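Biologist: Please take a close look at one part for me, namely whatever cavity a search can find, and then set it within the rest of the chain. I am in my first year, so explain each term when you use it.

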Amino acid sequence: AVYFAVCLSQTHLRIDRQDSRWWWLRERFFHYSLAFGAAVGVAMACKINTAPVAFLLPAAIGVHYLHADQETRRSWLKGALYFLVGGGAVALLVFRILQPYAFSGPGFFGLTPNPLWISNLKELAAQSSGDVDMPPALQWARRSITFSFQNMVVWGMGIPFAIAAWAGFLWLGWRMIKGEWPKTVLFWGWTAAYFLWQSLQGNPTMRYQLPIYPL
């Protein structure tokens, strides 16, 4: 999903092709949006806490918009809605197919959320946040904000690989400051935001950081 978002942010939108009603169907930008939606749907069906990656689609569109000239910006807004709706629709479709327990039905087009599934998620969230006095959750009491980071470095990646990985993260940040932000902001922003989000959870386990390991 991150890969497709980056491809999408770097793709040139051909404004000279906007001479027909269905021009956006031929654009690679639209195709990348569909691929992004499919990847997000697969990820959410496996692990619901990967849902925030969906924000990378509007972020990629925003990066493309800010980096474009004025003429391209005006034409770009015409297709942005198509790309957002297309990616979102594919994500919902894939999630509907691969996570049927999230819906009540009956039938494939029964898109009403399953109350039991929602209830299970709320119960798990309460247990992991510490709001429920659950004995296994007591191990997370008084953990420092660096607990997840320490475990990633020492056990998750190993010290040599962790040094290389976090040095790369800082290097990307430096490239952003030097003016290369259109190429690096999605990688850096997703990694930073997800890392902070999981580090501040009631149970900052190392495995919850897996979605940022590749990046």
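Modeller: Helices (H or I, at least four residues) and strands (E, at least two) are runs assigned by DSSP, and they are numbered from the N terminus. Read in that way along the sequence, the chain follows the pattern α-α-α-α-α-α-α, which amounts to 7 helices and 0 strands. This is a predicted model, in which local features need pLDDT of at least 70 and side-chain atom pairs count only at pLDDT 80 or more, while totals for chains, interfaces and linings use all residues. Residues are numbered from 1 along each chain as its sequence is written, and side-chain values use heavy atoms, with hydrogens and water left out.

To look for empty space, a 1 Å grid is laid over the protein atoms alone: a cavity is a set of points where a 1.4 Å probe fits but cannot get out, whereas a pocket is an open set with protein on both sides within 12 Å along at least five of seven lines, and lining residues have an atom within 4 Å of a point. Grid points are joined across faces, edges and corners, and a volume is the space filled by probe spheres set on the points. A search of the whole structure finds 1 cavity of 30 Å³ or more, and the largest cavity has a volume of about 110 Å³. Its lining is made up of M152, M157, A165, W166, F169, L172, F187, W188, T191, I212, Y213 and L215. Two elements, α6 (147-157) and α7 (159-199), give two or more residues to this lining, and α7 gives the most, with 7 residues.

For the character of the lining, Ala, Val, Leu, Ile, Met, Phe, Trp, Tyr, Cys and Pro count as nonpolar, Asp, Glu, Lys and Arg as charged, and the others, Gly among them, as polar. By these classes the lining of the largest cavity holds 11 nonpolar residues, 1 polar residue and no charged ones.

The two helices can now be taken in turn. A residue is called buried when its relative accessible area is under 20%, exposed when it is over 50%, and partly exposed in between (1.4 Å probe, protein chains only). In α6, the buried residues are F147, S148, N151, M152, V153 and M157, and the buried residues of this helix pack against α7, where contact means heavy atoms within 4.5 Å. Just after α6, G158 takes a positive phi of about 90°.

Helix α7 also contains T184, which counts as buried because its relative accessibility is 2%. Leaving aside residues up to four places away in sequence, T184 touches L172, R175 and M176, and L172 is also one of the residues that line the largest cavity. K178, likewise placed in helix α7, counts as exposed because its relative accessibility is 57%. The C-alpha atoms of K178 and A126 are separated by 43 Å, with their positions 52 residues apart along the chain.

The open spaces make a useful comparison. About 680 Å³ of space lies in the largest pocket, which is lined by 24 residues, with L124, A125, S128, N203 and Y208 nearest its centre. Here the elements that give two or more residues to the lining are α5 (115-129) and α7, and the largest share, 7 residues, comes from α5. The lining of the largest pocket has 11 nonpolar, 10 polar and 3 charged residues. The second largest pocket holds about 220 Å³ of space, and its lining includes W190, P211, P214 and L215; by class, its lining divides into 8 nonpolar residues, 1 polar residue and no charged ones. L215 therefore appears in two of the linings described here, that of the second largest pocket and that of the largest cavity.

Finally, here is the setting of the whole chain. The C-alpha trace spans about 65 × 55 × 25 Å along its principal axes, and buried residues make up 40% of the 215 residues. Among contacts between residues at least 6 apart in sequence, 57% join residues at least 24 apart.
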